[in-house]
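Reader: I like to know what stands behind each label before I trust it. Could you take me through the labels here, one by one?

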Amino acid sequence: MAVRIIPALKKQLYILFQNILFVGIIAIKGISADLCRIGNFTAVLLSPVCERTAEQVTDYPYDCADVNCPILLLAGTSGEFETDIVIPLAEMQKMYDKIASPKVMARRVGMTHDDMLYQAEGYVTAWFLWQLKGDEEAAKAFTGENPEILHNAFYQNVDIKYE
């Protein structure tokens, strides 16, 4: 829900918080969140609901092509709820392929939907440090000739499209 509301409130947030925080660099972390209309932010989505499932359970237009910010998509590989309903690998790949903005996708081996809320914190932290603070050390987890996530045995189905 917040993912849908925040972009619509960006102008109001700017006015309200213009002397308190830098609204130009807002980060969003969500689990089971939809990807639509994220806006000019950076985001990490843990076990995002696939378009197919969202279409079955909501009437909200859901199109990953609307994502226009750098995004890290993480999901688990265990449990029927995670792998058959929320975010089957084929559906995750379809969503990822539709996103034109810089992106990284990976699945945490052996993790269920609920596990993902806490088991991906290292990469979530690295993503936000890189995206929000320009931390070059944190960026190495996802960029360069040898991104760390590509060699992490706890992750599979890793794809990086970041230019």
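Reader: What makes the meeting of Lys161 and Asp159 a salt bridge?

Author: The rule asks for a side-chain nitrogen of Lys or Arg within 4 Å of a carboxyl oxygen of Asp or Glu. For Lys161 and Asp159 the N to O value is 3.1 Å, so the pair meets the rule. Please keep in mind that this is a predicted model, where local features need pLDDT of at least 70 and side-chain atom pairs count only at pLDDT 80 or more, while totals for chains, interfaces and linings use all residues. Residues are numbered from 1 along each chain as its sequence is written, and side-chain values use heavy atoms, with hydrogens and water left out.

Reader: Is Asp159 called buried or exposed, and why?

Author: Buried means under 20% relative accessible area, exposed over 50%, and partly exposed in between (1.4 Å probe, protein chains only). Asp159 has 18%, so the word is buried. Its partner Lys161 counts as partly exposed because its value is 45%.

Reader: How many salt bridges are there by this rule?

Author: The count comes to four. Among them is the pair Lys140 and Glu137, at 3.2 Å from N to O. Glu137 is exposed because its relative accessible area is 56%, whereas Lys140, with 46%, is partly exposed. Lys94 also forms one, with Glu91, the closest N and O atoms being 3.3 Å apart.

Reader: Where do Lys94 and Glu91 lie?

Author: Both are in helix α5, three residues apart, about one turn of the helix. Helices are DSSP runs of H or I with at least four residues, strands are runs of E with at least two, and both are numbered from the N terminus. An α-helix has 3.6 residues a turn, so residues three or four places apart point the same way. Glu91 is buried because its value is 12%, and Lys94, with 48%, is partly exposed.

Reader: Which residues of α5 are buried, and how do you know that they line one face?

Author: In α5 (residues 89-98) the buried residues are Glu91, Met92, Met95 and Tyr96. Seen down the helix axis, they fall within an arc of 135 degrees, so they line one face of α5. That arc is taken from the directions from the helix axis to the C-beta atoms. Ala90 and Asp97, on the other side of α5, are exposed.

Reader: Why does Arg107 have no salt bridge?

Author: Lys and Arg count as positive and Asp and Glu as negative, while His and the chain ends are not counted. The nearest side chain of opposite charge to the buried Arg107 is Glu82, 6.8 Å away, so the pair fails the salt-bridge rule. Arg107 lies in strand β4 (residues 103-108), and Glu82 in helix α4 (residues 80-86).

Reader: What makes the pairing of Arg107 with Asn157 a polar contact?

Author: A polar contact is a pair of N or O atoms within 3.5 Å; within protein, one must be able to donate a hydrogen and the other to accept it, and residues adjacent in sequence count only if both atoms are side-chain atoms. The side chains of Arg107 and Asn157 are at 2.8 Å, so the pair fits that limit. The side chain of Glu82, for its part, reaches the backbone nitrogen of Gly76 at 2.7 Å.

Reader: Why is Asn157 called partly exposed?

Author: Asn157 has 30% relative accessibility, so that is its class. Asn157 is found in strand β5 (residues 155-161).
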